[in-house]
Structures are given as C-alpha cells and as structure tokens.
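The exercises below are to be worked with the sequence and the coordinates open side by side. Each task is followed by a solution that goes step by step.

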Amino acid sequence: MDLTSDLTAEQTEMKTTKDQKTLLAQANHYINPSSGGIVPPIDPSVTFARGDDLELIGNYVYGRYSNPTYEQLESIVCELEGGEKALFFASGLAAIAAVFETVNMGEHIVAPKVMYHGTVDWLKRISEKRKIGLTLFDPTDPSALTQSVQAGKTSLVWIETPINPSWDVIDIEKAALAAHSAGAILAVDCTVASPISTKALQLGADIVFHSATKYLNGHSDLNAGVLVTGEINSRWEDIDTVRRLTGGLLGSFEAWLLLRGMRTLAIRWERCSESAMKIAQFLETHPAVEKVMYPGLPSHPSHDIARRQMTAGFGGMMSLQMKGGEAAAREFVSRARLFMRATSLGGVESLIEHRRTVEGPHSEVPVNLIRISVGIEDVNDLIADLEQSLSSVSIS
Ligand SMILES: Cc1ncc(COP(=O)(O)O)c(C=O)c1O
C-alpha cells in the first residue's frame with residue numbers, strides 16, 4: 001500500500017516545499033487516502049494476504065520484512081535527512097550492530113576511542129571475535145582520524161558527534177574526506193546533534209545513524225534506532241538483509257508512538273537548546289564548578305566546528321566537572337530535587353547522572369564528571385534546582 005498515492009496536486013506540492021518543522025508536525029502532510037484521517041494509523045499485522053490469484057494484495061509479505069507503520073516512519077526520517085532510504089531497528093544498538101555486521105574478516109574499522117560506551121564495547125567484541133582490525137583514535141587530535149585510516153584495508157569509519165560525554169564535535173566533512181581517500185565509507189552517529197541541527201549526509205557521510213530512543217522520540221518510553229543512507233548500494237542491501245534475517249525490528253506500536261513523538265521534535269529541540277545554553281552559562285560562573293563542557297559555549301574546544309556544523313542549536317547535552325572530586329560530584333547529584341537521577345538523553349524531562357557510576361568500573365570518564373540532559377521544563381526551575389544542589393555540596 002502506497003500511503004501517499006492518492007494525493008491531490010496541492011498536497012503533492014506541499015510535500016515538496018515544506019520546512020522540516022512542517023514536515024515533522026504534519027507527519028509529512030499525512031492524509032489517509034481512504035478515510036481522510038490526518039493521523040497515520042497503526043497497522044499491527046505481521047502477515048499480509050494474497051488474492052485468489054495468489055498475488056499479494058498490497059506490497060507487504062511478512063512483518064519482519066516491512067510493515068506500513070514503520071515504512072511511514074522511515075519515509076519521514078529519510079526526507080528529514082535528505083537520504084535515499086531509511087531503516088528502523090528495535091534499538092539504537094541493533095542498528096549499529098547491523099552496520100558492523102557488514103564488515104568482513106580481515107577488514108579494518110576506525111572509530112573514536114571515546115564515545116557512547118555501548119558502541120565501543122560492541123566494536124571491541126566483534127573485532128576480536130571476527131578478526132577485524134580496529135583503530136580507536138583520539139577525537140581531540142584533529143589529524144588522528146586521517147592518520148588512522150589504512151588505504152585499501154579500512155572499510156568503515158564510524159564517528160559520533162557530539163561525542164558523549166565531552167561533547168567534542170567531529171568535523172563530518174573532514175572525516176568523509178579521510179574515509180573516502182582510503183576507500184572506506186563514513187557512518188555518523190548523530191543522536192546527540194539530532195537531524196534538526198546536523199545534516200550528516202549533506203556533509204559527505206554515507207550513512208547517518210540515530211538512537212531514536214533519544215531526541216526523535218523524546219518521551220523516554222521506547223527503544224529504537226534508525227539508519228539512513230545517501231545511496232542504495234551493496235552495503236545498504238547487506239544491512240537490509242541483516243535486518244530481515246535477524247529480525248531486530250521495532251514493533252508497529254512503538255513505530256506509531258515514535259511517529260507521534262517526532263511531530264514535536266523541532267520544537268522540543270529548539271526549547272532544550274535555548275535552556276541548555278542558559279544552564280551552561282550559569283554553571284560556568286559557579287564557584288563549585290571546575291569545568292563545563294557544552295559545544296554552544298565559546299570556551300568549548302569544538303565551538304567553532306559546532307557553530308558551522310550544528311546549524312539549528314547545540315542541543316540539550318552537557319557535562320560538568322566538580323571541584324572537590326568524586327565525593328563532591330556524587331553529593332551534588334544526590335541533592336537534585338527536580339532533575340531526575342537517571343541515564344539516557346533527549347527526553348522531555350531533565351536528567352542528571354554521575355557518569356562513572358553509570359558506565360561502571362572500566363569507564364575512563366573522570367570521577368568528578370556529571371552528565372546532564374536538559375528537557376523542556378521551565379529553565380528558571382531547572383537553574384534553581386542546580387543552584388540549591390550546588391550550594392549544599394561541601395567542597396574540601
Ligand atoms: C550516542 C548514542 N548512540 C547510541 C546509543 C544506543 O542507543 P539505544 O540505547 O537506543 O540502543 C546511545 C544510547 O544511549 C547513545 O547515547
């Protein structure tokens with residue numbers, strides 16, 4: 001079933017001219033061709049019937065291959081990113097694993113040594129088990145990525161930007177040049193930048209990834225991941241095969257919830273970017289704070305790249321390092337009354353976490369580092385909560 005086949009000329013024109021805020025708010029100007037309903041429906045079917053001639057009635061066979069609810073979702077994200085095709089998965093890591101699955105024994109992957117810890121853990125595991133070369137580069141060194149690629153051997157460069165939890169911004173255009181010069185593809189985890197602010201495919205990436213659990217959904221009530229490709233080629237077909245055969249798909253209900261969550265993505269992003277900037281400026285002047293890491297601050301080492309690459313705001317993620325070491329950092333987090341003590345990011349509610357506690361004993365994150373995800377609450381309430389927590393911490 002082509003959900004858009006019965007569009008009037010006016011609707012078709014609307015679909016080709018709109019801004020991303022309009023695209024999202026209207027779920028790509030969705031109008032149900034048979035009922036006129038303006039909300040995309042949920043289709044929970046996992047199998048699809050054939051007529052008495054044994055031909056399929058629609059274009060669907062079986063839920064593990066495709067389903068109208070997540071195809072609708074995929075078409076919106078694909079358009080948002082300016083890509084050729086999108087594929088949704090049951091979680092961010094399921095999507096990441098599908099990309100790594102396409103790397104063959106003897107090939108080589110390049111990735112930053114600091115990024116979302118689950119991605120690093122998975123990369124280390126598969127490179128060891130499958131005899132794939134792995135170089136983890138220092139993302140704070142501008143020439144490290146170029147020096148890490150091996151012409152003819154590196155087949156995948158994976159980057160994350162901004163990088164968790166320092167929020168260093170990697171220059172996607174430069175990374176694409178480095179990857180392509182070695183004959184590799186560039187895949188970019190843009191979860192923290194959101195598709196509102198960074199258009200990785202337009203900057204030269206081959207594949208862009210989002211943990212849709214975060215900003216895309218925005219309500220902390222489902223896990224999902226999405227990949228969007230700039231070109232349909234053999235690697236993309238391989239990724240599609242991995243999804244079809246391993247079944248790492250999100251269910252129709254989650255896809256539908258995500259369609260609904262994405263309608264407010266642009267406005268949520270705008271609000272959390274504005275509030276985060278005010279909070280970062282407040283924290284930077286507080287005597288109990290040693291350092292604030294937020295790409296929107298001129299003091300952040302990546303600020304110039306961020307201003308160029310993050311074209312619609314710097315988002316809601318920041319870290320701070322406390323004076324007084326680990327004890328002070330833990331005490332600060334424990335005093336929060338409004339910020340919720342939980343991991344994750346990109347939801348409407350603001351979260352605070354002592355990152356080393358969340359990542360575990362193998363973490364290389366500084367012991368005094370606190371990670372904050374700014375939501376859409378009143379910014380003065382949020383600053384007041386941080387102020388009361390900070391003022392009650394004893395710094396020796
Ligand atoms: C930057 C980033 N990438 C990927 C993931 C993995 O996504 P998921 O939790 O949806 O599997 C996360 C999760 O926190 C993340 O923060």
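**Exercise 1: the faces and neighbours of a strand**

Both faces of β2 are covered in this predicted model, since on one side H108, V110 and P112 are buried, and on the other I109 and A111 are buried as well.

Task: establish how many residues of strand β2 are buried, and which strands pair with β2.

Solution. Begin with the count: β2 spans residues 108-112, and 5 of its 5 residues are buried, where buried requires 20 or more other C-beta atoms within 10 Å of the residue's own. The division into two sides can be read against a general rule, namely that side chains in a regular strand alternate between the two faces of the sheet.

Next, take the pairing with β3 (residues 133-137), which is parallel and extends over 5 bridges, with L136 of β3 as the bridge partner of A111. Between these two strands the chain passes through helix α5 (residues 117-130), and the resulting β-α-β crossover is right-handed.

Finally, turn to β4 (residues 154-160), which runs parallel to β2 and is joined to it by 3 bridges; here H108 has T154 as its bridge partner.

**Exercise 2: a helix pair**

Task: describe how α4 packs with α5, and state which residues make the contact.

Solution. First the geometry: helix α4 (residues 92-101) and α5 pack at about 30 degrees with their axes 11 Å apart, and the crossing is right-handed. The contact is then assigned to L93, I96, A97 and F100 of α4, together with G118, T119, W122, L123 and I126 of α5. Sorted by character, the residues of this contact comprise 7 nonpolar and 2 polar, with no charged residue.

How values were computed
Residues are numbered from 1 along each chain as its sequence is written. This is a predicted model: local features need pLDDT of at least 70, side-chain atom pairs count only at pLDDT 80 or more; totals for chains, interfaces and linings use all residues. A residue is buried if 20 or more other C-beta atoms lie within 10 Å of its own, exposed if 12 or fewer, and partly exposed in between; C-beta atoms are placed from the backbone. Helices (H or I, at least four residues) and strands (E, at least two) are DSSP runs, numbered from the N terminus. Two strands pair if DSSP finds at least two bridges between them. A crossover is right-handed if, with the strands pointing away from the viewer, the path from the first strand over the helix to the second runs clockwise. Axes are lines fitted to C-alpha atoms, for helices over the stretch in contact, and angles run from 0 to 180 degrees between N-to-C directions. A crossing is left-handed if the near helix is turned anticlockwise from the far one by less than a right angle, and right-handed if clockwise. Two residues are in contact if their C-beta atoms, placed from the backbone, lie within 7 Å. Ala, Val, Leu, Ile, Met, Phe, Trp, Tyr, Cys and Pro count as nonpolar, Asp, Glu, Lys and Arg as charged, and the others, Gly among them, as polar.
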